[in-house]
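User: Hi! Could you walk me through this structure before I set anything up?
Analyst: Happy to, here it is.

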Amino acid sequence: MRRSLGWSVSLSVALIIPLYLWLRLPELIGEVSTLRHGLTVVAKVGAFTGFASFMWSLVLGARLKSIDKLFLGLDKAYKAHRIFGSYSFIAIAVHAVAITAAIAMSAPLGALRMWVPGVDAVVTWGVIAFLGMAALLTATVLYKLPYQTFLTVHRLLGLLLVPAALHTFLASGHLLDNPALRRYMLIVTFIGALSYLYHSVLGEWLTKKYPYRVEAVNHLGEDITEIILQPSWHPVSFRPGQFGYLSMRDAAVQREAHPFSFSSSRHDRQLGFVVKNLGDYTAKIGEVHPGVRAIVDGPYGNFSYLNSTSRRQIWIAGGIGITPFLSMVRSFPDKLRYDIDFFYCTKSDTDALFHTELTAVAKRHAGFRMHHICEEREGFMNLELLQQRADIQAAAIFICGPPPMLNGLRKQFVAAGIDEDRLHYEEFSF
């Protein structure tokens with residue numbers, strides 16, 4: 001129930017409530033008597049739900065701690081952000097096409113004039129919002145944009161709330177005839193605008209951040225780098241398994257913050273991140289100079305063994321997905337009161353950089369058993385292999401790794417009848 005709460009709230013805010021308030025207009029029943037009226041109804045549905053979804057997508061993308069908790073993880077909230085953002089564009093496109101078709105049935109030239117800038121100021125605001133969304137979203141779909149450019153495009157999308165709101169509230173129609181719906185849309189607009197201002201415009205100054213300096217840059221493997229940070233003031237407090245956004249003031253990397261799981265113990269004053277070269281930013285992170293200033297925003301996420309009520313657990317890490325588990329293992333108390341089977345999955349033996357450390361932990365704690373799964377010897381991690389080595393009955397299962405591994409295992413678990421409430425995962429590629 002907790003896992004679905006975020007989606008229930010989102011569907012209510014973006015779809016159910018605006019539709020309910022709109023359908024309370026008594027004259028709507030007779031409005032579908034003709035094709036033209038039917039197209040108008042479709043256009044209105046697209047307008048109200050599309051606009052509300054757009055505003056709510058701004059809330060979901062604002063990196064709010066409350067949204068993180070509501071969805072039990074920021075990665076899940078960002079997935080909802082993408083879905084509601086996509087729906088908003090589709091619904092607004094339906095609105096534009098349906099209202100144009102409805103007008104064209106009686107006045108073809110009038111339908112064309114709608115799209116001419118300046119002919120009708122209120123309609124022009126809507127055209128600007130729609131065409132702006134179409135252009136920016138097309139750019140993100142057709143081109144593999146650099147991370148910095150992608151974020152800039154994302155912020156420009158947020159600015160379109162201004163022409164979208166002007167069109168929505170100045171246009172004549174059902175919104176003027178329905179005070180309850182108008183008030184609700186004003187509230188949603190206010191919340192969406194505040195979220196956008198808080199995160200995308202004033203986030204540099206409003207969000208709580210922790211100042212650090214880079215203590216060390218350790219090259220653990222050919223494409224693996226460990227960053228050790230020393231706090232300049234109070235260190236960030238986190239639960240093992242959570243992540244934070246890291247930015248460093250070094251010419252080697254961009255200043256834009258990137259999400260990484262904490263790999264250090266929650267009890268350490270120093271903060272550690274283990275990063276794999278997976279893109280432009282991470283390819284340069286090993287060139288950062290010790291002593292430079294670093295900023296950490298967090299913590300975020302719900303991926304922690306401490307958040308499960310079950311003391312019987314199975315952990316599955318694929319490649320660099322080991323980082324949140326490193327923090328968990330390094331944060332173990334002297335007496336571990338959990339029964340854990342940990343599967344460390346790597347492509348080869350040489351990729352198992354933390355094998356020695358994890359084996360030593362297994363020797364200290366009888367309740368912690370380490371299994372190394374080497375793809376070159378045993379193939380990909382799967383349910384059959386898991387059942388051969390551990391009892392999965394009633395166990396809480398934690399998975400973090402590349403999307404193909406994560407999605408493949410989830411499908412196998414669900415097909416085997418394992419309750420999804422027992423599955424805990426983090427999509428670190430979000």
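**A chat about the model**

Analyst: Let's begin with Phe-190, which sits in helix α10. Keep in mind that this is a predicted model.

User: Sure. Is Phe-190 buried or exposed?
Analyst: Phe-190 counts as exposed because its relative accessible area is 55%, and the cut-off for exposed is over 50%.

User: Which residues form the nonpolar patch on the surface?
Analyst: The patch consists of Ile-187, Phe-190, Ile-191, Leu-194, Leu-197, Val-201, Leu-202, Trp-205 and Leu-206, and together they have about 890 Å² of accessible area. Two elements, α10 (179–201) and α11 (203–206), each give two or more residues to the patch. The largest share, six residues, is from α10.

User: Anything general about helices I should recall there?
Analyst: An α-helix has 3.6 residues a turn, so residues three or four places apart point the same way.

User: Good. What about charged patches?
Analyst: Glu-222, Asp-223, Asp-351 and Glu-376 form a negative surface patch. Asp-351 is found in the loop between β8 (339–346) and α14 (355–364). With a relative accessible area of 39%, Asp-351 is partly exposed.

User: And the whole chain, how many positive and negative side chains does it have?
Analyst: There are 41 positive and 33 negative side chains, and the centres of the two sets lie 6 Å apart.

User: Give me the overall picture too, please.
Analyst: The protein chain has 17 helices and eleven strands. Its C-alpha atoms fill a box of roughly 80 × 50 × 35 Å along the principal axes. Of the 430 residues, 51% are buried. The accessible surface is about 20800 Å², with 61% of that belonging to carbon and sulfur atoms.

User: What share of the contacts with a separation of 6 or more comes from residues 24 or more positions apart?
Analyst: That share is 73% in the protein chain.

User: Got a concrete case of residues meeting from far along the chain?
Analyst: Try Pro-240, in the loop between β2 (224–231) and β3 (243–248). The C-alpha atoms of Pro-240 and Ser-331 are separated by 6.7 Å, although the two residues are 91 residues apart along the chain.

User: What else does Pro-240 touch?
Analyst: Not counting residues up to four places away in sequence, Pro-240 touches Arg-266, Phe-303, Ser-304, Tyr-305, Leu-306, Ser-327, Met-328 and Ser-331. Pro-240 is buried, at 0% relative accessible area.

User: Ser-327 and Met-328, what can you say about their helix?
Analyst: They are among the buried residues of α13. That helix covers residues 323–330, and seven of its eight residues are buried.

User: Switching topics: which residues does Ser-53 contact?
Analyst: Leaving aside neighbours within four places in sequence, Ser-53 is in contact with Ala-14, Leu-15, Phe-84, Tyr-87 and Ser-88. Ser-53 belongs to helix α2 (residues 35–60) and counts as buried, with 0% relative accessibility.

User: How about salt bridges? How many turn up in the whole structure?
Analyst: A search of the whole structure finds 14. In one of them, the side chains of Arg-312 and Asp-341 meet at 2.9 Å, N to O. This pair links distant parts of the chain, with Arg-312 in strand β7 (residues 312–318) and Asp-341 in strand β8, 29 residues apart. Both Arg-312 and Asp-341 are buried.

User: Any others I should look at?
Analyst: Arg-389 forms a salt bridge with Glu-378, where the closest N and O atoms are 2.2 Å apart. Here Arg-389 is in helix α16 and Glu-378 in helix α15 (residues 375–378), eleven residues apart. Arg-389 is partly exposed at 34% relative accessible area, and Glu-378 is partly exposed at 26%. There is also a network of salt bridges with shared partners, joining Arg-312, Asp-339, Asp-341 and Arg-369.

User: Last one: any backbone details to check?
Analyst: A few. Gly-298 and Pro-299 are joined by a cis peptide bond, with omega at about 0 degrees, and Pro-299 lies in strand β6 (residues 293–300). Leu-72 has a positive phi, near 55 degrees, and lies in the loop between α3 (65–70) and α4 (74–104). For Ala-394, phi is near 65 degrees.

User: Are those two buried or exposed?
Analyst: Leu-72 counts as buried at 14% relative accessibility, whereas Ala-394 is exposed, with a relative accessible area of 58%.

Conventions: Residues are numbered from 1 along each chain as its sequence is written. This is a predicted model: local features need pLDDT of at least 70, side-chain atom pairs count only at pLDDT 80 or more; totals for chains, interfaces and linings use all residues. Side-chain values use heavy atoms; hydrogens and water are left out. Helices (H or I, at least four residues) and strands (E, at least two) are DSSP runs, numbered from the N terminus. Buried means under 20% relative accessible area, exposed over 50%, partly exposed in between (1.4 Å probe, protein chains only). Contact means heavy atoms within 4.5 Å. Accessible areas come from the Shrake-Rupley method with a 1.4 Å probe; for residues, only the protein chains shown count as cover. Lys and Arg count as positive and Asp and Glu as negative; His and the chain ends are not counted. The place of a charge is taken as NZ of Lys, CZ of Arg, CG of Asp or CD of Glu. Patches are made of residues with over 30% relative accessible area and no salt bridge: like charges are joined within 9 Å, nonpolar side chains (Val, Leu, Ile, Met, Phe, Trp, Tyr) within 5 Å. A salt bridge is a side-chain nitrogen of Lys or Arg within 4 Å of a carboxyl oxygen of Asp or Glu.
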